[in-house]
There are 2 protein chains.
Amino acid sequence: MIKQYIESNKDRFLEELFEVLRIQSISAVSSHKGDMVKCAEWLQSSLLSAGADKAEVMPTEGNPVVYAEKIIDPSLKTVLIYGHYDVMPVDPIELWDNDPFDPIIKGDRIYARGANDDKGQVFMQVKAFEYMVQNGTLPCNVKFMLEGEEEIGSKSLYKWCADNKELLSADVILVSDTSLLAWDTPSVTCGLRGLCYMEVEVTGPNKDLHSGLFGGAVANPANVLTRLVSSLVDDNGKITIPHFYDDVRDLTDAEKAAFNLAPFNVEDYKKGLDIDAVEGEAGYSTMERTGVRPSLDVNGIWGGYIEEGTKTVIPSSASAKISMRLVPNQDYMKISKLFEEHFMSIAPKSVKVKVQFLHGGQPYVSPTDLPAYKAASAALTQSFGKEPLPYFSGGSIPIISGFEEILGLKSILMGFGLDEDNIHSPNESYGIANFYKGIETIVYFFDHYSKS
Amino acid sequence: MIKQYIESNKDRFLEELFEVLRIQSISAVSSHKGDMVKCAEWLQSSLLSAGADKAEVMPTEGNPVVYAEKIIDPSLKTVLIYGHYDVMPVDPIELWDNDPFDPIIKGDRIYARGANDDKGQVFMQVKAFEYMVQNGTLPCNVKFMLEGEEEIGSKSLYKWCADNKELLSADVILVSDTSLLAWDTPSVTCGLRGLCYMEVEVTGPNKDLHSGLFGGAVANPANVLTRLVSSLVDDNGKITIPHFYDDVRDLTDAEKAAFNLAPFNVEDYKKGLDIDAVEGEAGYSTMERTGVRPSLDVNGIWGGYIEEGTKTVIPSSASAKISMRLVPNQDYMKISKLFEEHFMSIAPKSVKVKVQFLHGGQPYVSPTDLPAYKAASAALTQSFGKEPLPYFSGGSIPIISGFEEILGLKSILMGFGLDEDNIHSPNESYGIANFYKGIETIVYFFDHYSKS
């Protein structure tokens, strides 16, 4: 029994998880290159201990991929498990209550960078696998593909997948990198938004200028940047880039109704975020805004003097990182072109503008009539006692649509996080109950899927 | 003869100047507190060597003031020399070709932070004083008041002046902290803009959020900041804060004509800054825009992820430092209130906004019929062979109008910098010729003024 196995191994599971959480595998910062390899090697050894026939740290053009497999019978179904061992940067570090790389338990949660996203969720897969192997109940062949660049757009994985198609042959991909709607409202993610991440730089004078001597006579790049960026979204929350919405399909009334079935209380939502009002595209609910509508966010902005005190300067340049979330059937390559053309076209003659595409991914939809979706639904019903809702997440896992294109495989997004886990934020955490429940549910999934 | 004295002492003058330039007296950064005292003590000893009867480092609530005097005859006129020994921060440090605190000579210029602003110009006053004392030709009583907080708004000097009125009794204040229109177009600054420096912070959710899960449904403080800040100036370059222009006096046609007498070539100006177009308030020339019109500049802006790579985050807050240059008869205290009220009023309900006043100063005008103005004009005519133009500078020396209020004294702004000196910017420099010519001209000023 999986429940019993978890009960008798629960302390060991946490100890092992803490080991991998201690490795500072931040893919966005190049000085952590060594940690990426260290983390991959840790997972390799963990998969071998769990019972893999083989486990390898395979080089890519960037951070390595951990590949492992256990083939029990080629005539059985094969599940390819995907996850990532890289984590987000930890700044602003001063907002963490604890060292993000020294995991601790407070209350019923594990606090650390990556506790949920995605080391915690990947490790559930490893432990569910371990159980099935150790107990001789593994009903399918299993392959693992764990990458180290998800948080920076899975840059190298596309080519690596294309180069390793045969190795990766499978019936379906299983991914735990998403959230439940709530602990009492289990869900399977069947939609993901795409992503188009840009950086813009506005340059004015060839040097910083004294704002007294030049102020009012020379375009200030920081002022111009605020003008250009703010103009990208209008008063109704619509993105103003021409042709941006051309490929967006609006929901039918029936779909709208179904979509808003998920329990959602805007007052609780506002209270949780400590905001007095939500804000977004006019005519859409909050769930629609994050689930099926595109968005445009400034992820970072900087220019001029940003230290203590005052400096009367006109900065020579100012920059912003801007990302757009995309929905079916938008294409990030097309959107990045539209963005670039538009941004260049609105820049005044008084400045120079540079637009750079940083990374992107396509939106994804998983139909609810797939056998693997049904198996996930049955597994969650078994462990949570409640049939899960299909959920359109606002997040992006760009590589998921890549898998469909390159490997011809659909992915089942069965994740166990919760909104309050603060992934990508200070004090990321993961519920201990979610961790154990995830392991349990994954075992059920294999059982249901093998019989489908 | 002053010219001869300069010739025989020129190397020593530079060596001494380099000593004071090496002291990192950055007033905006509190870790440099010790350097402020060090710099004040250096000037104290320099003034004593030059011939002051006494020189003191006098405490204030902030950085100390260096006070020195030489009273030769109480019945003679007294000139109070004002300057500052603090300098601007040096970032972005990577744009400096040399260590900003290790002065060097390249071509005919001295490169260092403070080479011009204001250590270089203060030191001309010290050396002119030294000459007159050493040669027994000092024709007036002299007092020095050198402060260490000019670049952060002279915060402590107002109270210090009020507390030391008697000590500071004089007939006029002489200041070298401004520029010439050009080497071949000498000028005396007779107008300065005022300054009102604010900081704003826009806060949304109580933590950084994942821009996928929340993007489009929650107001992004960085997006909102760009909206609010960009709305402060309209398409015609007019500041949109209600009642902002109420006290601004427009130039008469005759004044406009006189004002535009100063030589100015917009093509050279654009070329010098490497910009394709100037930008500013519609209906005004570049000289008018900086000389007699107010302006609003973003001096710094920051929020979200600003490091290498990408992070898909909605920042919890975003901030900007915004300063306005003011013209007669605007009042910075009134303007800071108008700014605050307006900024709060335009903030949407979806965010919280904090507005902070950082520092300010009133605009200043010096009439050209003052005896001391005439003495400055005669001195420049004598040394440059050309009558100087009265010049309305766009810069601010907030304390100058403070002196008028507190001490009842007018200031003569006879500075020797040039536009190309990059004050407040990387690679600040000062022409060696300007340095020596300044010393010479100051000696002539004392002569003319004593006879007026």
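Student: In which hand does α11(B) pass α13(B) in this model?

Tutor: Keep in mind that this is a predicted model. Helix α11 of chain B covers residues 371-384, and its axis packs 8 Å from that of α13(B), at an angle of about 135°. The crossing in which α11(B) passes α13(B) is right-handed.

Student: What word describes how α11(B) and α13(B) lie to each other?

Tutor: Start from the angle between the two, which is about 135°. An angle over 145 degrees would count as roughly antiparallel, and one of 65 to 115 as roughly perpendicular. The two helices α11(B) and α13(B) are therefore oblique.

Student: Which residues of α13(B) make the contact with α11(B)?

Tutor: Look at both faces of this helix pair. From α11(B) come A372(B), A375(B), A376(B), A378(B), A379(B), L380(B), Q382(B) and S383(B). By class, the contact divides into nine nonpolar, four polar and two charged residues. On the α13(B) side, the residues are K437(B), E440(B), T441(B), Y444(B), F445(B), H448(B) and Y449(B).

Student: Turning to chain A, at what angle do the axes of α11 and α13 cross?

Tutor: In chain A, α11 spans residues 371-384 and α13 spans residues 432-451. Their crossing is right-handed, and the axes come within 8 Å. The angle at which they cross is roughly 135°.

Student: How many nonpolar residues does the contact of α11(A) with α13(A) have?

Tutor: Among the residues that α11(A) brings are A372(A), A375(A) and L380(A), and α13(A) adds Y444(A) and F445(A), among others. Four residues of this contact are polar and two are charged. The nonpolar ones number nine.

Student: Which strands stand at the edges of the β4-β5-β18 sheet of chain B?

Tutor: This is an open sheet of three strands with antiparallel pairing, in the order β4-β5-β18. An edge strand here has a single partner, so one side of it is left without a neighbour in the sheet. In chain B, that describes β4 (104-106) and β18 (429-431).

Student: Which residue in β5(B) stands opposite K106(B)?

Tutor: Strand β5 of chain B covers residues 109-111. Its pairing with β4(B) is antiparallel and runs over three bridges. Opposite K106(B) stands R109(B).

Student: Which helix packs on that sheet of chain B?

Tutor: The helix touches β5 and β18 of chain B. Its direction makes about 60° with that of β18(B). It is the helix of residues 432-451, α13 of chain B.

Student: And in chain A, what is the bridge partner of R109(A) in β18(A)?

Tutor: In chain A too, three strands form an open sheet in the order β4-β5-β18, with antiparallel pairing. The edge strands are β4 (104-106) and β18 (429-431), and the twist averages 30° from one strand to the next. Strands β5(A) and β18(A) pair over three bridges. In β18(A), the partner of R109(A) is G431(A).

Student: About what angle does α13(A) make with β18(A)?

Tutor: This helix lies across two strands of chain A, β5 and β18. Its direction is compared with that of β18(A), and the angle is about 60°.

Student: Which element gives the largest share of the side of chain B that touches chain A?

Tutor: The contact takes 82 residues from chain B and 82 residues from chain A. Elements giving two or more residues to the chain B side include α6 (221-230), β13 (317-326) and β14 (352-361). By class, this side has 32 nonpolar, 33 polar and 17 charged residues. The largest share, nine residues, comes from β11(B).

Student: Which residue in β11(B) is the bridge partner of I301(A)?

Tutor: Here a strand of chain A, β11 (residues 295-304), pairs with β11(B). The pairing is antiparallel and runs over five bridges. The bridge partner of I301(A) is G303(B).

Student: How far apart are the C-alpha centres of domain 1 and domain 2 of chain A?

Tutor: Domain 1 comprises 2-192 + 364-451, while domain 2 comprises 194-248 + 294-361. Their contact takes nine residues from domain 1 and seven residues from domain 2. On the domain 1 side, these are four nonpolar, four polar and one charged. The distance between the C-alpha centres of the two domains is 35 Å.

Conventions: Residues are numbered from 1 along each chain as its sequence is written. Chains are lettered from A and ligands numbered from 1 in the order in which they are written. This is a predicted model: local features need pLDDT of at least 70, side-chain atom pairs count only at pLDDT 80 or more; totals for chains, interfaces and linings use all residues. Axes are lines fitted to C-alpha atoms, for helices over the stretch in contact, and angles run from 0 to 180 degrees between N-to-C directions. Helices (H or I, at least four residues) and strands (E, at least two) are DSSP runs, numbered from the N terminus. A crossing is left-handed if the near helix is turned anticlockwise from the far one by less than a right angle, and right-handed if clockwise. Ala, Val, Leu, Ile, Met, Phe, Trp, Tyr, Cys and Pro count as nonpolar, Asp, Glu, Lys and Arg as charged, and the others, Gly among them, as polar. Two strands pair if DSSP finds at least two bridges between them. Domain bounds come from an automatic or database domain assignment. Angles under 35 degrees count as roughly parallel, over 145 as roughly antiparallel, 65 to 115 as roughly perpendicular and the rest as oblique.
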